[in-house]
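Here's a protein to explore, one piece at a time. Have a look at the fold before reading on.

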Amino acid sequence: MSKKDGSTKNLVEVRNLKKYFPITRGMFVQRDVGAVRAVDGLSFDIRDGETLGLVGESGCGKSTTGRTILQLHKATEGKVRFEGKELTELSGDDLRLARRDFQMIFQDPYASLNPRLTVESIIAEPLEVHNMGNGKERHERVKELMELVGLNPSMNNRYPHEFSGGQRQRIGVARALALNPKFIVADEPISALDVSIQAQVVNLLEELQHKLGLTYLFIAHDLSMVRHIADRTAVMYLGKIVELAEKDELYNNPLHPYTQALLSAVPIPDPKKERKRQRIILTGDVPSPANPPTGCNFNPRCPVAIDICSEVDPEWREISAGHWVACHVV
């Protein structure tokens, strides 16, 4: 059952997820001298059939979160459960078998497709890796998938350079759907596309979700697009999620100072409301994830920080039903 029929079953459960990348020095003998804390203790659930939006500025760890959930990066610490199965404990053939149920749509449609392969070879590659079907069955499946994402199946022998950016992203979507996955991480799938094409790709993803019962983690930094597609939204800052709520609750009642600052930068189409609105301008730069501040990561830039903010990391707590925040002041 999905969100459409009122289910609240969790498909993905993430607990205290961390991904640190070591910083090494030395010419002949490499030694660790520190770590980049790309993902630093995330806990959240993704419900069956929903779209969870993950937003934040560039470099905050959104893409690393998605890749670590799918085990493209091995987690430094923490748990990721998919349908009750612990993914962090899987390896080899067990992990390869589990990957049939979750796939990824990559950010750059120009870099994520092999320029030496035809579209048919690109889309059929997951089927070959998992030994599914013979040559004729794969060919028919590719045609079916191309029609599903709005591409002409007669173009199956063309190469990626013969397609526009929007068409290439559709090829990436078709490849992700080849194994009939239940869960897809869409890693900024529209950020490299023209604005006129972005809505088409988002509408396609929504249509596919309704038709196939998919669950999405939709990673983006375009807050207005996330409000359109997501059911719930999580806001990330410097490796941590600072706020998570139903989309309307988050956009109408943002509690964390960073969420308030982000939303104050989103243009409002009504000129009267836009003129009256108070913009929140943050001072300073984002700290380095290799050397995050003590206490709350946001405290050096926070306009309402108090003494405890620079000393104690705020607890991740539920303020109201389904509305989670990590902030001492809230």
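## A helix tucked inside

Helix 1 covers residues 62–69, and 6 of its 8 residues are buried, so the rest of the structure largely encloses it. The buried ones are Lys 62, Thr 64, Thr 65, Gly 66, Thr 68 and Ile 69. Keep in mind that you're looking at a predicted model. After helix 1 comes Gln 71, and its phi is positive, near 65 degrees.

## Another covered helix

Now try helix 9, residues 257–264. How many of its residues are buried? The count is 7 of its 8, so to speak a mostly covered helix. Pro 257, Tyr 258, Thr 259, Ala 261, Leu 262, Leu 263 and Ser 264 are the buried ones.

What do these buried residues of helix 9 pack against? Their partners are two helices and two strands: helix 7 (223–229) and helix 8 (247–252), plus strand 9 (232–237) and strand 10 (240–246).

## The whole fold

Time to zoom out. The protein's secondary structure adds up to 10 helices and 12 strands. Its C-alpha trace spans about 65 × 60 × 40 Å along the principal axes. Is that spread what you'd expect from a compact globule, or not? For 330 residues, such a globule would have a radius of gyration near 20 Å, and this protein has 21 Å, which agrees.

Of the 330 residues, 46% are buried. Looking at contacts with a separation of 6 or more, 64% of them link residues 24 or more positions apart. On the outside, the protein exposes about 16,200 Å², with carbon and sulfur atoms supplying 49% of that area. As for charge, there are 42 positive and 43 negative side chains, and the centres of the two sets lie 2 Å apart.

## Two nonpolar cores

In soluble globular proteins, nonpolar side chains tend to be buried together. In this model, the largest nonpolar core has 54 residues, and the members touching the most others are Ile 123, Ile 171, Leu 177 and Phe 218. Take Ile 171: leaving out residues up to four places away in sequence, it touches Leu 113, Val 119, Ile 122, Ile 123, Leu 151 and Phe 163. There's also a second, separate core of 29 residues, and Phe 44, Leu 70, Leu 87 and Leu 217 are among them.

## Two buried residues and their neighbours

Ile 241 sits in strand 10. It's buried, with a relative accessible area of 7%. Beyond the residues within four places in sequence, Ile 241 is in contact with Leu 42, Phe 44, Leu 54, Ala 234, Val 235, Met 236, Trp 316 and Ala 326. How far is Ile 241 from Val 55 in space? They're 186 residues apart in sequence, but their C-alpha atoms are 9.3 Å apart.

Leu 193 belongs to the loop between strand 7 and helix 6. Buried or exposed? Leu 193 has 7% relative accessibility, so it counts as buried. Setting aside neighbours within four places in sequence, Leu 193 is in contact with Pro 109, Gly 165, Gly 166, Gln 169, Gln 198 and Val 201. From Leu 193 to Arg 25 it's 168 residues in sequence and 38 Å in space, C-alpha to C-alpha.

## A partly exposed lysine

Lys 85 is part of strand 5, residues 85–86. Its relative accessibility is 43%, so Lys 85 counts as partly exposed. Ignoring neighbours within four places in sequence, Lys 85 is in contact with Val 80 and Leu 90. Lys 85 and Arg 277 are 192 residues apart in sequence, and their C-alpha atoms are 47 Å apart in space.

## Backbone oddities in loops

Most residues other than glycine have a negative phi, and most peptide bonds are trans. With that in mind, look at Asn 131, which has a positive phi near 50 degrees. Asn 131 is in the loop between helix 3 (119–129) and helix 4 (135–148). Its relative accessibility is 61%, so Asn 131 counts as exposed.

Glu 188 isn't a glycine either, and its phi is positive at about 45 degrees. You'll find Glu 188 in the loop between strand 7 (183–187) and helix 6 (195–212). Is Glu 188 buried or exposed? At 7% relative accessibility, Glu 188 counts as buried.

How values were computed
Residues are numbered from 1 along each chain as its sequence is written. This is a predicted model: local features need pLDDT of at least 70, side-chain atom pairs count only at pLDDT 80 or more; totals for chains, interfaces and linings use all residues. Side-chain values use heavy atoms; hydrogens and water are left out. Helices (H or I, at least four residues) and strands (E, at least two) are DSSP runs, numbered from the N terminus. The radius of gyration is taken over C-alpha atoms; the globule rule is 2.2 Å times the number of residues to the power 0.38. Buried means under 20% relative accessible area, exposed over 50%, partly exposed in between (1.4 Å probe, protein chains only). Contact means heavy atoms within 4.5 Å. Accessible areas come from the Shrake-Rupley method with a 1.4 Å probe; for residues, only the protein chains shown count as cover. Lys and Arg count as positive and Asp and Glu as negative; His and the chain ends are not counted. The place of a charge is taken as NZ of Lys, CZ of Arg, CG of Asp or CD of Glu. A nonpolar core is a set of buried Ala, Val, Leu, Ile, Met, Phe, Trp, Tyr and Cys residues joined through side-chain atoms within 4.5 Å.
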